[in-house]
Amino acid sequence: MDPHGGHYLNKSAVLSALGAARMCQLLLGCTTVSLVAHQAGYSATYGTFCMFVWCFCFAVTLVVFVLDVTRLHGCMPISWDNFTVAYAMLATLMYVTASVVYPVYFLRPECLSEGCEVRNYRIAVTVCSSVCCFAYGAEVFLTRAKPGRVVGYMATVSGLLKVVQAFVACIIFGALANDSEYNRHIPTQYCVVVYSLCFAVTVVVVALTVSGRTSALRFPFDRFVVVYTFLAVLLYLSTAVVWPVFSFDKKYGTPTRPEGCPRGKCPWDSKLVVAVFTHVNLVLYFTDLVYSQRIRFVSQQP
């Protein structure tokens with residue numbers, strides 16, 4: 001007991017739906033890493049990415065859980081609620097990606113020459129990773145903004161969309177780096193500048209919110225976010241037109257996938273991924289703008 005009569009340990013961090021979700025994350029994350037390290041195995045860039053996701057999320061979740069139980073998060077110079085919900089959203093997206101990538105590249109219906117044990121372990125890894133997606137998604141659901149409840153910006157739909165936008169931008173960067181031939185045309189280089197600019201500002205918005213420094217700014221942060229989101233919609237709208245034209249039009253690119261293009265190292269595939277996720281982010285930014293305006297309007301009601 002402390003001098004004020006409170007408890008050092010936070011029982012609600014364990015005996016609550018949120019605590020149960022985090023313990024499931026730890027259990028499933030530890031099981032996934034153990035299965036991969038023991039027998040399932042991984043290799044190449046895709047396997048390393050999946051292993052990084054599982055190890056990173058397990059480590060951060062363990063730190064979050066311990067800090068919440070011990071109440072030590074109060075000593076950290078961050079907005080704890082904003083940090084945890086932003087991390088839960090990011091972990092959900094990372095786990096979904098790993099749960100798709102791992103079976104695509106490592107799971108085969110037939111058994112290997114040394115037997116079916118490796119295949120069975122990889123099936124177990126895929127199942128555990130997929131179930132863990134729901135555990136992190138449950139945390140996002142439990143901590144999101146609800147009517148009549150005061151929460152941080154990252155718990156709102158707009159805040160959660162910022163995390164998704166940044167994650168989608170990372171997918172775009174990955175495709176650009178995978179021999180996308182974006183440097184062949186100036187307009188496609190312009191698209192890369194747009195992706196980089198929007199990603200950088202989005203990360204700054206998230207970082208300022210998580211660090212709790214928005215009140216120290218000399219301009220209204222909420223207005224800045226809305227104006228930036230509007231500009232991001234316009235910029236992404238331009239890339240949604242420019243990138244497909246200079247990638248798939250007969251004059252500048254190839255409308256169809258070339259025959260004999262190697263899987264995983266085909267420029268046409270990378271261009272297609274960039275085009276698809278450009279439109280995904282355009283929809284996300286537009287939804288963010290609409291929601292931000294609706295929240296702003298409601299907040300001005302008497």
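**Exercise 1. Placing a lysine**

In which loop is Lys-265 found? Decide also whether this residue is buried or exposed.

*Solution.* The model used here is a predicted one. As a starting step, locate the residue along the chain: Lys-265 sits in the loop that runs between helix 7 and helix 8. The next step is to look at its accessibility, which is 62% in relative terms, so Lys-265 counts as exposed, given that the cut-off for this class is over 50%. As a last step, look for a residue that is distant in sequence: Asn-178 is 87 residues away along the chain, yet its C-alpha atom is separated from that of Lys-265 by 7.0 Å.

**Exercise 2. Describing helix 5**

Work out how the span of helix 5 relates to the expected value, and say how many of its residues are buried.

*Solution.* Begin with the length: helix 5 has 21 residues, and the distance from its first C-alpha to its last is 30 Å, close to the 30 Å expected at 1.5 Å a residue. Then turn to the surroundings of this helix, where 15 of the 21 residues are buried, so helix 5 is largely enclosed by the rest of the structure. Finally, look at what comes after the helix, where Asp-179 has a positive phi, near 55 degrees.

**Exercise 3. Examining the cysteines**

How many disulfides does a search of the whole structure find? Explain the result for Cys-191, and describe Cys-57 as well.

*Solution.* The search of the whole structure finds 0 disulfides. Cys-57 is in no disulfide, and the nearest cysteine sulfur, which belongs to Cys-132, lies 7.7 Å away, whereas a disulfide would need the two sulfur atoms to be within 2.5 Å. For Cys-191, the closest cysteine sulfur is that of Cys-198, and because the two sulfurs are 11 Å apart, they are too far from each other for a bond. The accessibility completes the picture: Cys-57 has 0% relative accessibility and counts as buried, and Cys-191 is buried with a relative accessible area of 0%.

**Exercise 4. Reading the largest pocket**

Which helix gives the most to the lining of the largest pocket, and how do the lining residues divide by class?

*Solution.* Start with the space itself, which is about 1,200 Å³ in the largest pocket. Its lining consists of 28 residues, and those nearest the centre are Tyr-46, Thr-97, Val-101, Ile-171 and Val-273. Next, assign the lining to helices: helix 2, helix 3, helix 5 and helix 8 each supply at least two residues, and helix 3 gives the most, with 9 residues. Sorting the lining by class then gives 19 nonpolar, 6 polar and 3 charged residues.

**Exercise 5. Reading the cavity**

How many cavities of 30 Å³ or more does a search of the whole structure find, and which helix supplies the largest share of the lining of the largest cavity?

*Solution.* The search finds 1 cavity of 30 Å³ or more, and the largest cavity holds about 50 Å³ of space. Its lining includes Ser-180, Glu-181, Arg-184, Trp-243 and Lys-271. Helix 7, residues 221-248, contributes the largest share, namely 3 residues, and by class the lining has 3 nonpolar, 4 polar and 3 charged residues.

**Exercise 6. Comparing with a record**

Take residues 119-138, one of the spans that an unreviewed UniProt entry annotates as "transmembrane region", and describe the chain there.

*Solution.* Over residues 119-138 the chain is 100% helix and 0% strand, with its end C-alpha atoms 29 Å apart. Residues 12-37 also carry this annotation in the UniProt entry, and that span is 81% helix and 0% strand, with 33 Å between its end C-alpha atoms.

Notes: Residues are numbered from 1 along each chain as its sequence is written. This is a predicted model: local features need pLDDT of at least 70, side-chain atom pairs count only at pLDDT 80 or more; totals for chains, interfaces and linings use all residues. Side-chain values use heavy atoms; hydrogens and water are left out. On a 1 Å grid over the protein atoms alone, a cavity is a set of points where a 1.4 Å probe fits but cannot get out, and a pocket is an open set with protein on both sides within 12 Å along at least five of seven lines; lining residues have an atom within 4 Å of a point. Grid points are joined across faces, edges and corners, and a volume is the space filled by probe spheres set on the points. Helices (H or I, at least four residues) and strands (E, at least two) are DSSP runs, numbered from the N terminus. Ala, Val, Leu, Ile, Met, Phe, Trp, Tyr, Cys and Pro count as nonpolar, Asp, Glu, Lys and Arg as charged, and the others, Gly among them, as polar. UniProt positions are given in the numbering used here, feature names are shortened, and annotations may be inferred rather than shown by experiment. Buried means under 20% relative accessible area, exposed over 50%, partly exposed in between (1.4 Å probe, protein chains only). The expected span of a helix is 1.5 Å times one less than its number of residues.
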